[in-house]
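Colleague: I have a model on my screen and some labels I would like justified. Can you take me through the reasoning behind them?

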Amino acid sequence: MYTYSFFDDAMNIRDIFDEFFTRRTYNEPYKDFPFVRIVEGDDKLTITSLMPGLKPEDIDIQLVNENLTITGDKKTDYEEKPYLRKERFFGEFKKSIKLPYSVDHNKIKADLKDGILTVTLEKSDDAKPKKIEIL
Amino acid sequence: MATEKNLTHNGNAQRTVYVPVADIYETEDLYSLKLEIPGVPKENLDISIEENELTISAKSVLDDAAVEKCRYSEFSNMDYRRSFKIGNDIDSNKIEAKLENGVLTLTLHKHEKVKPRKISIKQIN
């Protein structure tokens with residue numbers, strides 16, 4: 001069953017306005033870059049990020065408390081040539097991810113392959129449920 | 001989680017075909033294309049030319065493992081496809097492709113006969 005609600009249409013208008021005002025103009029930094037994905041397994045988090053054209057030395061990953069921050073600089077590889085098309089993004093970027101629990105600092109792995117960054121984190125023992133014995 | 005934008009979908013992994021972004025330049029004797037296709041190993045990449053159309057299709061290794069849960073995602077499991085119309089000035093036997101850090105570089109050489117040629121002038125005394 002469908003009930004017409006005025007608010008649905010009102011929300012559409014809101015989305016149109018939001019899109020108009022958040023649209024990227026030419027010189028603005030590309031806020032969305034890099035795209036990330038967070039996958040959760042058993043006491044394990046995997047963060048995947050699309051980073052084409054980046055080298056390991058261009059990326060800096062930091063963990064402060066439960067915030068993982070990925071910063072980097074994608075350097076331009078433009079040559080002195082007459083370009084017909086320039087669609088790729090270059091520049092500095094920063095992305096912070098709030099982790100759902102604290103992680104073991106000694107078991108963090110980061111790997112960059114074929115333009116995909118994979119960060120593997122494991123839940124710290126403090127964050128795991130602990131059974132307390134009653135004496 | 002971190003932001004409001006949440007595009008997670010459970011279980012059935014959807015694959016989306018993306019149009020990869022490209023940088024193209026042209027010089028006197030070649031065209032150079034750079035496309036961003038993160039997550040594609042060399043064997044999943046297919047480049048073909050058919051009737052003046054250059055098609056690049058690729059399959060990324062991204063896949064949701066069934067046991068794990070996707071909590072937040074700003075992209076879906078993707079395949080890439082993009083076609084370019086090319087003129088008959090390109091020598092289809094002389095195309096070089098290089099894949100590095102998720103960036104594909106294609107070099108399309110032009111036919112010898114369309115390249116600018118310098119005509120030497122013989123001087124006769």
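Modeller: Start with pairing. Two strands pair if DSSP finds at least two bridges between them. Keep in mind that this is a predicted model.

Colleague: What makes β1 of chain A and β6(B) a pair?

Modeller: The cut-off is at least two bridges. Strand β1 (residues 36–41) of chain A is joined to β6(B) by 4 bridges. Therefore the two strands pair. They run antiparallel. For one example, look at R37(A): its bridge partner in β6(B) is S73(B).

Colleague: Which residues make up the contact between chain A and chain B, by number from each chain?

Modeller: Chain B puts in 28 residues and chain A puts in 27 residues. On the chain B side, β2 (22–26), β3 (30–36) and β6 (69–73) each supply at least two residues. By class, that side of chain B has 15 nonpolar, 5 polar and 8 charged residues.

Colleague: How do you know that β4(B) and β5(B) are paired?

Modeller: Same test, at least two bridges. β4(B) and β5(B) are joined by 6 bridges, so they pass. These two strands run antiparallel. Within them, D46(B) has S57(B) of β5(B) as its bridge partner.

Colleague: Why are β1 and β4 of chain B called edge strands?

Modeller: Each of them pairs on one side only. The sheet is open and has 4 strands, in the order β1-β7-β5-β4 (chain B). Its pairing is mixed. Neighbouring strands there are turned by 15° against each other on average, direction ignored.

Colleague: What elements does chain B have overall?

Modeller: Chain B has 0 helices and 9 strands. Of its 125 residues, 22% count as buried. Among contacts in chain B with a separation of 6 or more, 56% are between residues 24 or more positions apart.

Colleague: What makes N52(B) stand out by its phi?

Modeller: Most residues other than glycine have a negative phi. N52(B) is not a glycine, yet its phi is positive, about 60°. It is found in the loop between β4 (45–50) and β5 (53–59) of chain B.

Colleague: Why does N52(B) count as exposed?

Modeller: A residue is exposed if 12 or fewer other C-beta atoms lie within 10 Å of its own. N52(B) has 12 C-beta neighbours inside 10 Å, so it counts as exposed.

Colleague: And N65(A): why is that residue exposed?

Modeller: Apply the cut-off of 12 or fewer again. N65(A) has 8 other C-beta atoms within 10 Å, so it is exposed. Its place is in the loop between β3 (59–64) and β4 of chain A. The phi of N65(A) is also positive, near 50°, in a residue other than glycine.

Colleague: What makes a set of residues a nonpolar core, and which have the most contacts inside the largest one?

Modeller: The members must be buried nonpolar residues, joined through C-beta atoms within 7 Å. The largest such core has 17 residues. I38(A), L45(A), I47(A), M51(A) and I97(A) have the most contacts inside it. Two or more residues each come from β1, β2 (44–50), β4 (67–74) and β8 (116–122) of chain A. β8(A) gives the most, with 4 residues.

Colleague: Which residues are in the other core?

Modeller: That core lies apart and has 14 residues. Among them are Y31(B), I37(B), I56(B) and L108(B).

Conventions:
Residues are numbered from 1 along each chain as its sequence is written. Chains are lettered from A and ligands numbered from 1 in the order in which they are written. This is a predicted model: local features need pLDDT of at least 70, side-chain atom pairs count only at pLDDT 80 or more; totals for chains, interfaces and linings use all residues. A residue is buried if 20 or more other C-beta atoms lie within 10 Å of its own, exposed if 12 or fewer, and partly exposed in between; C-beta atoms are placed from the backbone. Two residues are in contact if their C-beta atoms, placed from the backbone, lie within 7 Å. Ala, Val, Leu, Ile, Met, Phe, Trp, Tyr, Cys and Pro count as nonpolar, Asp, Glu, Lys and Arg as charged, and the others, Gly among them, as polar. Axes are lines fitted to C-alpha atoms, for helices over the stretch in contact, and angles run from 0 to 180 degrees between N-to-C directions.
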